Amino acid sequence: MIPVSAYQDQRVVVTGAGGGIGAALAQRFAAEGATVVVNDIDAARAAAVAGAIGVRAIPVPGDASEIVAEAREALGGGIDIYCANAGLASGGDAFADEAVWEAAWETNVMAHVRAARLLLPDWLERGEGRFVSTVSAAGLLTMIGAAPYSVTKHGALAFAEWLSLTYRHRGVQVHAICPQGVRTDMLTAAGSAGELVLAPTAIEPEAVADALFDGMEKGRFLILPHPEVADFYAARATEPDRWLSGMNHLQQKWETR
């Protein structure tokens, strides 16, 4: 007898699923028997991914902050798993335009908050629900040349931690995915900083999906597709000056490329 997946007939939403990690998550959930809303701000990309997945996928284009109600309706009235995957890899330093900071904050943090506001009442009433936040190792560490991205990814991690500690005893499971380099358009957009820091150990999006499913099976909050990030995170916490000196060395190396 073929075992039934734990995700069979689950109702799943994946934002930013028009490519990269989001598309890999949507494909994996559908392969496990879930029905998946494929969201992307680019309607054509959402439709293409949903079409490639087949009958278990429903494209719902639009801003990730505003699609929960439409996604719930498309799934027949409920959402079991919400993957807050849409993100902006905003580069720039302390002098980046206010608009860049605002866009990063809105997409990388507030979209998660707004989704949770709409999801939690139903999940708490039912006593179950799962929130998956695609954060980035930058949320645990930082990323050279990308102040808005680094700061807002720290915010995304902080919100995911808060959700977990506040609601886990009421059946809400939360997972924060924190990969380093992943071979996606976002890595390409990171330019020379991405080439220096992320490209050498970059993995495929499907490896991120594998790490998430392994972490969900084991009930882990923190999902590290690059296991070495745990050591970097520990060094940052226990030897911050040494860690900062090492990151500054990378910064100087990047400036001279």
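Two strands count as paired if DSSP finds at least two bridges between them. Keep that in mind for these exercises, which use a predicted model.

**Exercise 1. Work out which strands sit on either side of S5, and how they run relative to S5.**

Start with S4. S4 and S5 are joined by four bridges, in the parallel sense. Two of the facing pairs help you find your place: Ile 81 is opposite Arg 130, and Cys 83 is opposite Val 132.

Now go to S6. S5 and S6 share six bridges and also run parallel. Here Gly 129 has Val 172 as its bridge partner.

Put that into the whole sheet: it is open, has seven strands paired in parallel, and reads S3-S2-S1-S4-S5-S6-S7. S3 and S7 are the edge strands, each pairing on one side only.

**Exercise 2. Trace how the chain gets from S4 to S5 and on to S6, and give the handedness of each crossover.**

Take the S4 step to begin with. S4, H4 and S5 form a β-α-β unit, and it is right-handed. Next, the chain leaves S5, passes through H5 and arrives at S6; this crossover is right-handed too.

Then look at where those helices lie. H4 packs on the sheet and touches S1, S4, S5 and S6, with its direction at about 160° to that of S5. H5 lies across S5, S6 and S7, at about 155° to S6.

**Exercise 3. Decide whether strand S5 is enclosed or open to the outside, and check both of its faces.**

The cut-off you need is under 20% relative accessible area for a buried residue. Go through residues 129-134: six of the six are buried, so S5 is largely enclosed by the rest of the structure.

Now split them by direction. Gly 129, Phe 131 and Ser 133 point one way, while Arg 130, Val 132 and Thr 134 point the other, and all are buried.

**Exercise 4. Find the largest nonpolar core and say which helix gives the most to it.**

This core has 47 residues, and Val 13, Ile 79, Tyr 82, Leu 119, Phe 131 and Leu 163 have the most contacts inside it. Several elements supply at least two residues each, among them H3, S4, H4, H5 and S6. H4 gives the most, with eight.

Zoom in on Val 13. Skipping neighbours within four places in sequence, its contacts include Val 37, Ile 67, Ala 71, Ile 79 and Tyr 82. There's also a second, separate core of 31 residues, which includes Ala 17, Leu 25, Phe 29 and Met 216.

**Exercise 5. Describe helix H8: its span, its buried residues and what they pack against.**

H8 covers residues 205-218, and its 14 residues reach 20 Å from first C-alpha to last, close to the 20 Å expected. Buried here are Pro 205, Val 208, Ala 209, Ala 211, Leu 212, Phe 213, Gly 215 and Met 216.

Why would buried positions recur at such spacings? An α-helix has 3.6 residues a turn, so residues three or four places apart point the same way.

The buried residues of H8 pack against H1, S5, S6 and S7. Just after the helix, Gly 219 takes a positive phi of about 70°.

**Exercise 6. Locate Ser 65, and decide whether this residue is buried or exposed.**

Ser 65 is in the loop between S3 and H3. Its relative accessible area is 16%, so Ser 65 is buried. Leaving out residues up to four places away in sequence, Ser 65 touches Glu 106, Ala 111 and Arg 114.

Methods. Residues are numbered from 1 along each chain as its sequence is written. This is a predicted model: local features need pLDDT of at least 70, side-chain atom pairs count only at pLDDT 80 or more; totals for chains, interfaces and linings use all residues. Side-chain values use heavy atoms; hydrogens and water are left out. A nonpolar core is a set of buried Ala, Val, Leu, Ile, Met, Phe, Trp, Tyr and Cys residues joined through side-chain atoms within 4.5 Å. Buried means under 20% relative accessible area, exposed over 50%, partly exposed in between (1.4 Å probe, protein chains only). Contact means heavy atoms within 4.5 Å. A crossover is right-handed if, with the strands pointing away from the viewer, the path from the first strand over the helix to the second runs clockwise. The expected span of a helix is 1.5 Å times one less than its number of residues. Axes are lines fitted to C-alpha atoms, for helices over the stretch in contact, and angles run from 0 to 180 degrees between N-to-C directions.
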